[in-house]
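Student: I should like to learn how to read a helix and an interface in a structural model. Where should one begin?

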Amino acid sequence: MLALIPALPLAAVAVNLILGDRLGRRGTAFLACGAVFASFVLAALSVIHLASLPPGARTMVADVYTWMRVGDFKVDVAFLLDPLSSVMVLVVTGVGFLIHLYSVGYMAHDASFRRFFLYLNLFMFAMLTLVLAKNFLVMFVGWEGVGLCSYLLIGFWMDRPSAARAGMKAFVVNRIGDFGFLLGMLTLFAWTGSLDYERVFAAAPIVFHPGTLAITFATLALLLGATGKSAQIPLYTWLPDAMEGPTPVSALIHAATMVTAGVYMVARCHILFTMAPFSLETVAVIGAATALFAATIGVAQNDIKRVLAYSTVSQLGYMFFACGVGAFGAGIFHLMTHAFFKALLFLGAGSVIHALSGEQDMRKMGGLASRLPWTHGVMLVACVAIAGIPPFAGFFSKDEILSAAFASGHYGVWVAGLLGAVLTAFYMFRLYFLTFRGSSRLTHEAEHHLHESPAVMVAPLVVLAALSVVGGFVGLPFQEGGRRLTTLEGGAALERWLAPVFGEGGAAGASHAVPHLSFTTEWALIAVSVAAAAFGIAMASRAYAKAAGEPIAEKAPRLYGLLEHKYWIDELYDTIAVRPIRALGDVLWRFWDEKIVDGTVNGVAYVVEWASAVLRVFQTGFVGTYALFLTLGVAALIAHYLVR
Amino acid sequence: MMHDIPLAWMLALSATVFVIGVVGVLVRRNALVIFMSIELMLNAGNLAFVAFSRALGSLDGQVFVFFVMTVAAAEVAVGLAIIVNVFRLKETIYVDEINLLKG
Amino acid sequence: MNDFPWLSWLIFFPLISAALIAVLPGTSGRTVKTLAAVCSIAEFLFSLPLWWRYQPGQPGWQFAEQHAWLPGLGATYHVGIDGIATLLVLLTTLLTPIVVFGAFGSVEKREREFYALLLAMEAAMIGTFLSLDLLLFYVFWEAMLVPMYLLIGVWGGPRRVYAAVKFFLYTMAGSVLMLVAILWLYLHQRAVTGIPTFALDAFYALPLSGAEQTWLFLAFAFAFAIKVPMFPFHTWLPDAHVEAPTAGSVILAAVLLKMGTFGYVRFAMPIFPAASAAFTPWIVALALIGILYGALVAMVQRDLKKLVAYSSVSHLGFCMLGLYALNAQGMAGGMMTMLNHGVSTGALFLLVGVIYERRHTREIAEFGGLWKVMPVYASIFLVVMLSSIGLPGTNGFVGEFLVLLGAFRHEPWWAIVAGLGVILSAVYMLWMFMRVFFGPLTHAANEKLADLTLRERLVFAPLLILIFWMGVYPQPLLDRAQPTLDRTVALVKQRLMMGDRITRGDVARPGVSVAEAAR
Amino acid sequence: MTLALFAAFAALLVGCSLMVILHRNPVASALFLVLAFCSLAGLYLLLHAEFVAMVQVIVYAGAIMVLFLFVIMYLNLRHDVEQGIAVAVRRGAGWILGILLLAETVAFFKGRWAEGPVSAPDLAPVAGNTQAIGQVLYTRYLFPFEITSVLLLVAMVGAVVIAKGRGPGLHPAAPAADAAADAKAAAPDHAGGEA
């Protein structure tokens, strides 16, 4: 039954392929959305069933068949549902379904409508396989599958060369990450003799000595994979370019689901990471650095989708450093809430773009609040949520992360997180004011076509908005009886739900539980983070509410230039990696293949030719010379016998 | 006859004549003279044959000389025909002026 | 079918049909084509029972036949089959009909000789896989060259003569050395045991000193290295591929290159285990260089076929790495890579052939934005390309992963270097795919390109099915090849008592043996 | 007595051979060669090979040398002309090689000089040398005998074909101009000699 969840989208892909155009637009839409909805229902049912199981034994397993068995290496295609993957599967299918619905409206008049949903369903299959995998190899299948789908979807509008290049960049950078993931898997197998989660995590404490090279290498390799997929510091450059794809794609893949795969993997291997303190520290540092770094770039972007892209990178940074400080639960919680409001932001931006028939530059927007009421409403909710204003979802998850960071003594990380929060609030509201408030800078014909998005697009927006508001309460510390919100102790509902997986208070995992803060510090932290958010919003409104220009550009042109050009990271990567490799290839081909190897071979041929030319000289044609050599030979022969 | 000539002397004579024939072939430019030197070499061979046949008391040597002669005759016939033709073609029978088979 | 000389029938049926086609009175193209198609499909059907009648577990050669051939020398016509040979023969018999169908559109001049040569080559290849007598093997090994040489030389591209001669000389230089080694072995065998024979089993059992093994191994390894082709000896491959007709280069890539790796597994490793193990670092080094070198150079190619040719160098570098990881996973991975390379690179060459037929050029710059014009072709190209770069779910991944696994267990940094190859392969393939299929339609000539005809789709159907079947459910293939591979690995290891260095999994940790704990 | 005869014949033979290769005029060379053959016949007689001696005189001196003289006359050759550096070099090389060969034979004999068996006791004079040869020839060597007859036939045909100028390629003139070729061949005058 568990295997059905990924199988449904795959079946939809197959049907889509077989029936082809006979399916028609309506048919494709129903098929695609129906399949995803069905897997959502299935997922919900199995999660409910899972909840009914006693806390200790909350796992559902579905072994399908043995994929490979060579010598002592055995791996099966198998699926596992446990609290951690249940959260993921619900998010993926839920948000996924909403985005499918939205796409029906968004892509309504696109030529290759069917092909779009073909890829979307393929993506859902890959993502669900990744999330529900029971061993690393099946996860890797999903891992690369989503990489492929993101490549196809980014390059969906094929005739735009920039889209094709962005697609390729995404796939290659992901592939570098996958290389790391692969190495991590190989180390795990070499040491624990299996790739199955359960066996690996059981054998790990016995096989690996905490902090030794082996486990650090394995976890760092896995981390490289995670940074590749979740666009963290070294390998994040592909995500902003991935905005070339249609907006629903950005929403689904580059906000809600795929990019969170890295965080999920780190959370899944929390036992390994806690055994390698150095790696855990790296996760925290990378997370914090990315959070801050991406936030700064986000401030200076003019393309509405690029702002959101950098915002995603930054929020992922938060999730990473949540795991880095040991608060895996908080990380997953933020992952869930982020999925809601980030998807909402992207879809909202999508409906804005849809309304302005393709315009993405914020400098050509403004004053849309009145014209696009629904979009404006949901976007406002999303901005407030992401900024972290209570009672919205963003506040709860981000606050938990910051307090965990503070509690576990990572003060540097906490400060970075706080600064990030300020910047997040700032650029989100900059986006809000530039798009919805102020004077309308629309071009005439954009003005002319301006229309609110159809119902099929607005409905998912509203649902997501609701989730963004309600989502936070999952984290509230409900006691069994649901008593008033008095103390933050007792752990949030989600924490307790994830406890069996993360071992807080559950199994004797080696992971150090995050120490509980005293009551007063808890509240103090909440106040500080809310203040930070409010400060960010204030700064943004002062700068952008009324004035049309770009205040930062006037005050600090050089800084603004730096940020706008994304610190020239892309150009840096290009010069240190892409160009030298291509040059190396050229040198190897031109010099080594053509000169050296072929040179030697042709050289041998030339020597033979030269030798034969020399010998031809002796063929003078005069009988006399031949006779001379003949007798010379005879004389030599006789001499030989004389001497012997 | 009293006692015969020792074999070694005969062979020495045959060798000398053979060498003279070789020198003739190498030195002379006239194809015909070369031809004659070849005849000399052949006859040196015959002499050795007869000497051995005499020494070993078997007639095979002499029979062989007989065959050598037939071959020599055939060779001369064809050789001279060729020389005549070459003369017609090139007006010369000097060996170092004929290089039709140049490689 | 117990006494029916089945393997001999497999070898000589294509030969007979080749002769039939060559001699056929009717000259019309149609009859020649249909006959070639029928014969190649018949050959495939004959070889199919190999799949289920071959018992993997049973030791020794199956369906063996032995007849006197050169009694004086002690060389017998001895054929038999084991796990690897079954799979490779099936690969050959599957690909030949596909190539014959593929060639219907492209070959115009002298079709009769073309198809006759193709079938003759199939016979020679199957002969090489099946022969258990070293002399017989050598005869088939050389016989294989002639048809390929003619295919490239007659039906090839502009510089076909140069390419054909280079191909022939390269392989000949190697195999001549091998002949010397075979003869030396034969004489040594006769001196030691007194029975003059070329039988493979005799050579398996023949005790050889270290120095002897080294030199003989070098001779064999050199011959097979050229065939594989391994790094320094590969320059004949791009030329041969660029100039060969589509059919020729498919067969060349799909099967002929496997002769090299097959040679290592069947001959070089079992007969000279000590030398194999001693030379492992060298061979692995060359393999690793081959992987990276092939990928890097493929990246900058302007000609599609050259790109795919250099990718073959990279893939076969993987295969050799797998074989010389000297453990079960590595060998199985090497074996799978051989089959995958046959399927996916064969398909790639067919695909390049399709656009070459339409546009008569292979320059990547000439194409652009083909997806809109030829969607079906583009999607098939996409799937085959993904299998070539080893996307999980396709056949490429299974082979690649097992090779990396085997290499890692033997020496971790091998897998790390080989892993870079995984990234580079994605780079050059995707970059090519982007330039050919994505972007706007730059060249006017591309606008009216016709998409794949039904015939062409039929040609690719079996290959696509294979790509997914081998990717999703490779177990039957692994089971068949496993016993033979294990025997070879055991042979090499047992002679040297050399365990894998990284087998923490197997090696008992202090107190607790992890493998058991992990089970 | 026989030794003296042998010495005489040997000296004559060597002298004539030297004169054959030294004399400028080919006719003289031919005549000296005839003399050499006769001295050879004498030597054969000393070796009791009467039949071979007679055949030697008849075949060699009689037939082959006549052919030679005929061709020399036919080609109307004058004195050989032997100048030019290339010729001199070759002559020098030839002589040196000749002397080298002679030295080698002397060296060869020196080491192994032995009188060797003087001669087998006379065969019972079954009946003359010729009869004995005839008997051996037609029994043991019958097959080679037949083959030599074939050889002679081939040689004759060859000689005729070549001399007539029908030879392929050798004769540049096209068949039509055949008559002219024959005419030209018939009157070569003395072109060769004077050159």
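Tutor: Let us begin with a definition: two residues are in contact if their C-beta atoms, placed from the backbone, lie within 7 Å. Please note that this is a predicted model.

Student: Which elements cover the buried residues of α1(A)?

Tutor: The cover includes α2 (24–52), α3 (83–106) and α4 (113–132) of chain A. The residues beneath are Ile5(A), Pro6(A), Leu8(A), Pro9(A), Ala12(A), Val13(A) and Asn16(A), the buried residues of α1(A).

Student: Why do these residues lie on the same side of α1(A)?

Tutor: In general, an α-helix has 3.6 residues a turn, so residues three or four places apart point the same way. Here the buried residues of α1(A) span an arc of only 160° around the axis, which puts them on the same side of the helix. Ala14(A) and Ile18(A) are exposed, on the face turned away from that buried side.

Student: What is the reach of α1(A) from its first C-alpha to its last, and what follows the helix?

Tutor: Helix α1 of chain A, residues 4–19, has 16 residues and reaches 21 Å, close to the expected 22 Å. Gly20(A) comes next, with a positive phi near 60°.

Student: How many residues does the contact take from chain D and from chain B?

Tutor: The size of an interface is often given as the accessible area lost when the parts come together. Counted in residues, the contact takes 81 from chain D and 65 from chain B. On the chain D side, 63 are nonpolar, 14 polar and 4 charged. Helices that each supply at least two residues of that side include α3 (50–75) and α4 (85–112) of chain D.

Conventions
Residues numbered from 1 in each chain as written. Chains lettered and ligands numbered in written order. Predicted model: local features only at pLDDT ≥ 70, side-chain atom pairs only at ≥ 80, totals over all residues. Helix = DSSP H or I, 4+ residues; strand = E, 2+ residues; numbered from the N terminus. Expected span 1.5 Å × (residues − 1). Buried ≥ 20, exposed ≤ 12 C-beta atoms within 10 Å, placed from the backbone. Arc of directions from axis to C-beta. Nonpolar A, V, L, I, M, F, W, Y, C, P; charged D, E, K, R; others polar.
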